[in-house]
Amino acid sequence: MSAFSDLPISHKLMAAFAAVVAVIFVSGAIIYDRLRVTEEAKNWRVHTTDVLDTLEMAVAAMLDQETSLRGYLISGDEIFLEPYRRGGDNFSAAIRKLRAQTSDNPVQQDRLDELNKLATTWRMETAEREIALMTNPATRGEARALEGSTSRAAMDAIRTKASEFEKLERDLLAKRDAAQKQAYVTAYMATLLGAGASLIIAVLMGILLTRAIATPITRMTGAMAALAKGDTSIDVPEIGRRDEIGAMADAVNVFKNGNIERQKTQVELAHVSRVATMGQLTASIAHEVNQPISAVLTNADAALNWLGANPPNLNKARESLEHIVTDSQRAGEIVHRIRAMVRKAPVPRSRLDFNEAVLDVVAIVRSEAVRHGISLQTQLAEDLPQIEGERIQLQQVLLNLILNAIDAMTSLEEGSRALQISTERDVAGDVSVAVRDTGPGLDSASAERVFDAFYTTKSHGLGMGLAICRSIIAAHGGRLWVTVNKPRGAVFQFTLTSHRD
């Protein structure tokens with residue numbers, strides 16, 4: 001089976017075709033030969049039947065002669081001599097025809113010679129002598145006496161010889177009939193065996209071709225479909241084969257290795273993008289962290305004052321210490337969010353409430369929005385279904401879109417600056433997210449190109465942010481696109497498939 005599997009597909013198909021053709025050719029040759037034998041036997045049967053018919057004509061002619069001669073001898077009427085002579089002519093004609101019909105059979109030719117000789121002897125020595133004696137009334141008694149003794153013996157000898165000739169022809173007829181029947185049976189069996197062999201070979205070749213071609217291609221298609229979905233853990237089947245399927249497997253394996261490398265590159269690029277993004281937020285992060293730290297210092301100073309009072313105000317001191325704990329936790333949460341956003345390795349996918357992810361990102365960027373005079377609002381749907389995905393990657397997408405919107409509105413010299421993040425449940429039951437700004441917007445030429453790698457409308461940008469965002473959303477089974485906001489600005493929207501039990 002392995003040797004057959006290693007053959008090129010064209011050779012496999014040629015082998016299957018050749019096997020079927022060989023069976024058809026052999027069975028066809030046998031059938032043709034037997035049909036030829038059947039046709040030949042049929043022709044010989046017709047020939048033998050013709051010989052028997054001619055022999056019957058010869059015997060009938062002799063019988064006419066004998067009957068006519070006997071009538072002449074009894075009645076003496078010469079009217080009987082006419083059928084006698086006509087019978088002799090018919091007999092001679094029948095003998096000539098029999099010679100022609102049996103020219104390939106020396107034994108029958110000898111018998112015809114003997115039969116003709118007996119008939120000639122009877123005609124010359126008996127019949128003609130009796131006719132001559134009948135012409136004289138005085139010798140008619142002698143003629144009748146000759147008929148009774150000699151003529152009958154001669155006619156019996158003629159009939160015996162004719163019977164021998166007929167028996168031989170009938171034996172030949174029986175043999176040829178048996179040969180015809182045998183040839184027919186052989187042709188019939190060859191047809192059945194040929195059809196059966198063709199069917200068996202077709203089934204066997206179908207099984208072999210299915211195992212050698214169809215099944216591997218099906219497995220290969222499944223592997224390619226899994227790779228297309230980003231599953232690089234799947235093993236590529238049929239590696240090591242030396243036919244076209246093996247070549248296909250090698251190509252798919254190269255595609256798999258390329259996917260692995262691309263995924264690694266995408267992780268690196270995503271990490272670089274996150275680090276660059278967090279770098280842009282340095283001032284906002286510092287302000288966001290500085291607020292709880294300043295509050296901690298203020299509350300710590302207040303607690304010392306309350307404890308240093310005479311008498312110490314323990315309730316006020318406890319209240320200040322509680323504020324210190326709250327502000328410390330707030331600072332820790334901010335640092336935790338930042339550390340999570342700049343992590344290099346993606347976290348495993350899990351079920352999450354996307355509204356919570358939105359609020360975490362808003363907490364990071366709110367100070368940046370306020371610093372640029374931008375009104376940041378959220379409109380989050382309460383019936384939003386949970387999704388399954390990588391929280392950090394999805395937050396990176398949202399953070400990138402928000403920072404792009406802030407950057408776009410910063411260039412405005414007049415007019416309101418408003419940024420809205422909204423979530424809703426679409427008609428398909430999935431999560432739909434929109435980031436709306438009132439910036440200058442995008443022209444029709446840039447609306448789709450902004451998602452191309454290395455394309456940017458910023459003087460300081462790399463052009464990788466939106467390309468990475470689109471790939472992240474696509475990996476989560478969603479779609480990211482941009483439309484025009486009314487009266488001005490842009491709306492970046494993406495969808496996420498909801499988790500279904």
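Which side chain meets Asp171 in a salt bridge? To find the partner in this predicted model, select Asp171 and Lys167: their side chains meet in a salt bridge, with an N to O distance of 3.2 Å. Both residues belong to helix H5, and because they are 4 residues apart there, about one helical turn separates them. Colour the pair by accessibility next. Asp171 counts as partly exposed, at 34% relative accessibility, whereas Lys167, at 53%, counts as exposed.

With that pair still in view, add Arg111, Glu114, Lys161 and Glu164 to the selection. Salt bridges with shared partners join these residues into one network. In general, side chains of opposite charge can pair when their charged atoms come close. The count of salt bridges comes to 11, and the next stops visit two further examples.

**From helix H5 to helix H2**

Select Arg159 and Glu66. These residues form a salt bridge in which the closest N and O atoms are 2.3 Å apart. The pair links distant parts of the chain: Arg159 is in helix H5 (residues 140-228) and Glu66 is in helix H2, 93 residues apart. Is each partner buried or exposed? Glu66 counts as buried, at 6% relative accessibility, because the limit for that class is under 20%. Arg159 has a relative accessibility of 35% and counts as partly exposed.

**From helix H3 to helix H4**

Move now to Asp113 and Arg99. The side chains of these two residues meet in a salt bridge, at 2.5 Å from N to O. Asp113 lies in helix H4 (residues 106-134) and Arg99 in helix H3 (residues 81-101), so the salt bridge ties together parts that are 14 residues apart in sequence. Asp113 is partly exposed, with a relative accessible area of 37%. Arg99 also counts as partly exposed, at 26% relative accessibility.

**A buried serine in helix H2**

For the last stop, return to helix H2, which spans residues 9-75, and select Ser68 within it. Which residues are in contact with Ser68 once its neighbours within four places in sequence are left aside? Display Phe80, Pro83 and Tyr84 to see these contacts. Ser68 has a relative accessible area of 7%, so it is classed as buried.

Methods:
Residues numbered from 1 in each chain as written. Predicted model: local features only at pLDDT ≥ 70, side-chain atom pairs only at ≥ 80, totals over all residues. Heavy atoms only, no water. Helix = DSSP H or I, 4+ residues; strand = E, 2+ residues; numbered from the N terminus. Buried < 20%, exposed > 50% of the residue type's maximum accessible area, 1.4 Å probe, protein only. Contact = heavy atoms within 4.5 Å. Salt bridge = Lys/Arg side-chain N within 4 Å of Asp/Glu carboxyl O.
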